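I opened the notebook to go through this structure one spot at a time. Entries follow in the order I looked things up.

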Amino acid sequence: MRLAQIEYFLEVAEQLNFTAAAKSLYISQPALSKQISLLEEELGVRLFVRNTRKVTMTAAGRQLEMDLKKLKKQLADAVERASQLGRREQHTLRIGCFDGAFTDDFLPAMYQHLSMEAPEMRISLLRGDFAENRRLLEKGEIDMLLTLDIGYSLRTEDESRILSRRRGALIYSDKSPLARSKGPSLSDFSRETFLTMSRKLSPGLYQAGIENLERLGIVPARVEEMENFSTFYTRLGMGHGFGLLSEEAAADHPHLLCLVLPEIRETHIIAVWKKRNVTVNNLMKNYSSSDMM
């Protein structure tokens, strides 16, 4: 039995549909059927019962599925342990962080904590967008992800800690028509363009922004989606609209102003890593956001 056959078998067991399983595996349906037949011949048992209407599993198939899922997890854990050992030997901790936004409220505290826990360890900080950073964590190409909790669904294999708490705010430029009055009202924002990160890059952040505007009774003149934070801040600084982030978003930009919104929930900056990453578990077990703030 080859590793590829294990993947093929588990996908068919999950889908109970050869056509759908073949599509997920990016192989042809005849090729998949052939591999399952070869596996059944090798084992000398039927794993699936196939007819024109549906696919069902035999008792032997169900047992094999259960055992192979355990084996697959053991294999993943073995690979992760080897990878961790290699990284520990190199004394490098790879951290992914969202790009282009204010980070002084949590990054210095995080660096301080890590340097105290492992002074010999080198920290490699990788900047990127929300979606790419999450993919890197899932693929094991970074050890820890620093991100927003808005719209982030933790998986069963994830561990997390809160790094910072931020109050929501409407952010606008001193070049914007909104700055002409000493303090714009919520209704004033309905005449302006709402700038937000694109749904593709951060669907959770986008959806939370739209829902919070509705909660505040703000109906913007239009909504424009930005592909990165650099474009977002450039447009914002030129007075071409407003954003809904946190009050810290204006702290790093002298021409940006903010209207704090205590009525919407706080945004949390969180650290996320895989539970089976022993190195990060040990580094973060004593971390407390209250101690660092």
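**Entry 1: T193 and its partner**

I began with a side-chain pair: T193 and R222 are joined by a polar contact of 3.4 Å. The model is predicted, so I checked confidence next. The mean pLDDT of the protein is 87, and 95% of the residues reach at least 70. Strand β9, residues 222–226, has the highest confidence, at 94. Helix α11, residues 289–292, has the lowest, at a mean of 51.

Back to T193. I placed T193 in strand β8, residues 193–197. Is T193 buried or exposed? T193 counts as buried because its relative accessibility is 6%, under the 20% cut-off. I then listed its contacts, leaving out neighbours within four places in sequence. T193 touches R222, E224, H240, G241 and F242.

**Entry 2: the N-terminal helices**

I turned to α1 and α3. Their axes are 10 Å apart and the packing angle is about 105°. That angle falls in the 65 to 115 degree range, so α1 and α3 are roughly perpendicular to each other. Which residues of α1 and α3 meet? From α1 I noted Q5, Y8, F9 and V12. From α3 I noted L32, Q35, I36, L38, L39 and E42. By class, the contact of α1 with α3 has 7 nonpolar, 2 polar and 1 charged residues.

Next I took α2 against α3. Their axes cross at roughly 105° and come within 9 Å. This makes α2 roughly perpendicular to α3. On the α2 side, the contact is made by F18, T19, A21, A22 and L25. On the α3 side, Q29, L32, S33 and I36 take part. The contact of α2 with α3 divides into 6 nonpolar, 3 polar and no charged residues.

I also compared the two lists. L32 and I36 of α3 appear in the contact with α1 and in the contact with α2.

**Entry 3: two positive phi values**

I looked at the loops beside these helices. Most residues other than glycine have a negative phi. Which residue in the loop between α1 (3–15) and α2 (18–25) did I stop at? I stopped at L16. L16 has a positive phi, near 50°. L16 counts as partly exposed because its relative accessibility is 36%, between the cut-offs of 20% and 50%.

Y26 came next. Y26 sits in the loop between α2 and α3 (29–43). Its phi is positive too, near 60°. Y26 is exposed because its relative accessible area is 76%, over the 50% cut-off.

**Entry 4: helix α6**

I moved on to α6, residues 130–138. Which residues of α6 are buried? I wrote down F130, A131, N133, R134, L136 and L137. I then asked what covers them. The cover includes strands β3 (92–98), β4 (122–128), β5 (144–148) and β12 (267–274). Helices α7 and α8 (229–237) are also part of the cover.

I checked both ends of α6. At the N-terminal end, D129 acts as the cap. A side-chain oxygen of D129 lies 3.1 Å from the backbone nitrogen of A131. After α6 comes G140, with a positive phi near 80°.

**Entry 5: three glycines**

I finished with three buried glycines, two of them in α7. G204 lies in helix α7, residues 203–216. G204 is buried because its relative accessible area is 16%. I took one distance from G204. Its C-alpha is 47 Å from that of E42, 162 residues away along the chain.

G209 is also in helix α7. G209 counts as buried because its relative accessibility is 6%. Not counting residues up to four places away in sequence, G209 touches F194 and L244. The C-alpha atoms of G209 and A131 are 17 Å apart, with their positions 78 residues apart along the chain.

G168 is in strand β7, residues 168–173. G168 is buried because its relative accessible area is 2%. Leaving aside neighbours within four places, I found contacts from G168 to L245, S246, L259, V260, L261 and I264. From G168 to L75 I noted 43 Å, C-alpha to C-alpha. These two are 93 residues apart in sequence.

Terms used
Residues numbered from 1 in each chain as written. Heavy atoms only, no water. pLDDT = per-residue confidence, 0-100. Helix = DSSP H or I, 4+ residues; strand = E, 2+ residues; numbered from the N terminus. Buried < 20%, exposed > 50% of the residue type's maximum accessible area, 1.4 Å probe, protein only. Polar contact = N/O pair within 3.5 Å; in protein donor to acceptor, adjacent residues only side chain to side chain. Contact = heavy atoms within 4.5 Å. Axes fitted to C-alpha atoms, helices over the stretch in contact; angles between N-to-C directions. Parallel < 35°, antiparallel > 145°, perpendicular 65-115°, else oblique. Nonpolar A, V, L, I, M, F, W, Y, C, P; charged D, E, K, R; others polar.
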